[in-house]
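Me: I'd like to walk through this structure with you, one question at a time. Shall we start with the overall layout and then zoom in?

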Amino acid sequence: MENAKRELARLLSNAGIFLAADAAEAAIGGVDLNLIVSKLIEAKSGAEGLKIATPGDVERAVSSIEEDRLAKTPKPVEVSRTGSFVPYASEIEADYRIEARDAEQTEGNVNGFVDYFRNRLSRLRQVLETRSHTVAPSIEALKDYAAGREVVIIGMVNSRITTRNGNTMMLMEDGTAEAKVMFMKAESREGAALFASANRIVNDEVIAVRGRLSGPFVIAKEILWPDVPIRERKEVEEDAAIAFISDVHVGSKFFMERNFVKMLEWLSGNVDSKSKALAGKVKYIVIGGDVVDGIGIYPEQEENLAILDIYQQYRVLQGLLESIPDYIHVFVLPGDHDAVQMAEPQPAFPKELIDMDRGNIHFVSNPCNLTLHGIDVLAYHGYGLVPMIHAIPGLSFIHPEEVMIEMLKRRHLSPIYGGSVIVPSRNDNLVIDRIPDIFHTGHIHKNGISEYHGVHVVNSGSWQGFTPYQGKRGLQPTPCNLPVFEAKSYRFTTVDFTGVV
Ligand SMILES: [Fe+2]
């Protein structure tokens, strides 16, 4: 007993919470300590200052775990449609198109990577050439230019260093030669702004730089990112809605199954709420990966698993998907926790993993382009979000939507090589060449919605509760918040399923 209490205190302190000395021994007997920690992290997530778990807190956590356990006793999820609910979406025709973005496999040797980067460079070069008319034909061509001449060059960023004088020197290459681009530390407002934006450049991205030739250097005056042109709002006749889900993590002890089932009941009109009319409009659901928790994804994951068999995890997921009304079309992507190759782009789930004979459930690649009632959706699990957060000043796990905007500006889902595992392929299918109306990601378990140049960006959070791992790293997930986009009004509403009755 004493040991369990000591262990709980240790796990909690890892998550920045102190266990009060008088926390009742009896309260924790026999209950999974990781689950108690998860509940307490959640309960204390809004608290400022010192976080102390009192005996009352521990008791509440334990009784909530018991409620979850009773709710989870295996029984098929039953979601019935009430007679009075005639959903609008059941009366309109589905109108969808799927464009997979799988990798074109090569032999996986060095040449594969050469082709891959060449493809990235040439596709993004085309985009950048529309932004400037005076681009030098190649970096090699600079050697014939007179000193002092103004040039625009396009290339892939190789590396960036700070020189002894505090300037930034960046190496860019385009397959013909390498350019040394200097960003001078400057006092003037414009100079300082340019110098600061140089800090936002990430390795392996493709950019254009306007500058002046000076000896072996190009002295930078302007950075051009590929960027997206302003996107016009589409006129959609039927008021279909698209719901966005990701990071369900079926099989995890922290999967919030009761809340998820509540959301399924809401879709079927079984919940009396203000948003009932909205539920009836949902014609499409995009599920952005990490649909199960997987096995062997990180060390000692078993401690956090409720279902240790990967096939069983997908069977439970299948049960949940089957309770979605059949007039709703569901598009399911894999993520890094799923049992397909981790390298991106990821192929759709194979039939051996999950085989559903339902016309409304579609397993698709990650990333994937979908057109739903005329609305273009780019769905991506989001593995590339994390390296971007680490590389670009000012980005954080709290605002995934800001990171997504940086991806749009770079027209790439994961520019930093080594940030994600990529498949050597003839085509770089993580390039964003088709600009979407909605850009959807998950992965970091934090909801966020924004708009950039007319493109709506949405991170759909998660359906997994607070894990000890997140507590340890100070991450603040926002589970069980469902963003829904209405095509006619072009508006997002987030429906809150955190409170379960
Ligand atoms: Fe993920």
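Me: How many Å separate the centres of domain 1 and domain 3?
Reply: Happy to help, and keep in mind that this is a predicted model. The domain assignment puts domain 1 at residues 2-72 and domain 3 at 132-224, while domain 2 is made of 95-104 and 230-496. Taken over C-alpha atoms, the centres of domain 1 and domain 3 are separated by 54 Å.

Me: Which residue in β7 stands opposite valine 152?
Reply: Strand β4 covers residues 150-162 and strand β7 covers residues 206-214. The two pair in the antiparallel sense, with seven bridges. Across from valine 152, the residue in β7 is arginine 210.

Me: In β8, what is the bridge partner of alanine 208?
Reply: β7 also runs antiparallel to strand β8, residues 217-224, and seven bridges join them. In their hairpin there are two residues between the strands, and glycine 215 takes a positive phi near 60 degrees. For alanine 208, the bridge partner in β8 is leucine 224.

Me: Why is helix α7 largely enclosed by the rest of the structure, and how many of its residues are buried?
Reply: Helix α7 spans residues 257-267. Its buried residues include Phe260, Met263, Leu264 and Trp266, and also Glu257 and Lys262. The helix is largely enclosed by the rest of the structure because the buried share of its eleven residues is nine.

Me: Which glycine follows α7?
Reply: Let's look just past the helix. The residue there has a positive phi, near 80 degrees, and the name to note is glycine 269.

Note on methods: Residues are numbered from 1 along each chain as its sequence is written. This is a predicted model: local features need pLDDT of at least 70, side-chain atom pairs count only at pLDDT 80 or more; totals for chains, interfaces and linings use all residues. Domain bounds come from an automatic or database domain assignment. Two strands pair if DSSP finds at least two bridges between them. Helices (H or I, at least four residues) and strands (E, at least two) are DSSP runs, numbered from the N terminus. A residue is buried if 20 or more other C-beta atoms lie within 10 Å of its own, exposed if 12 or fewer, and partly exposed in between; C-beta atoms are placed from the backbone.
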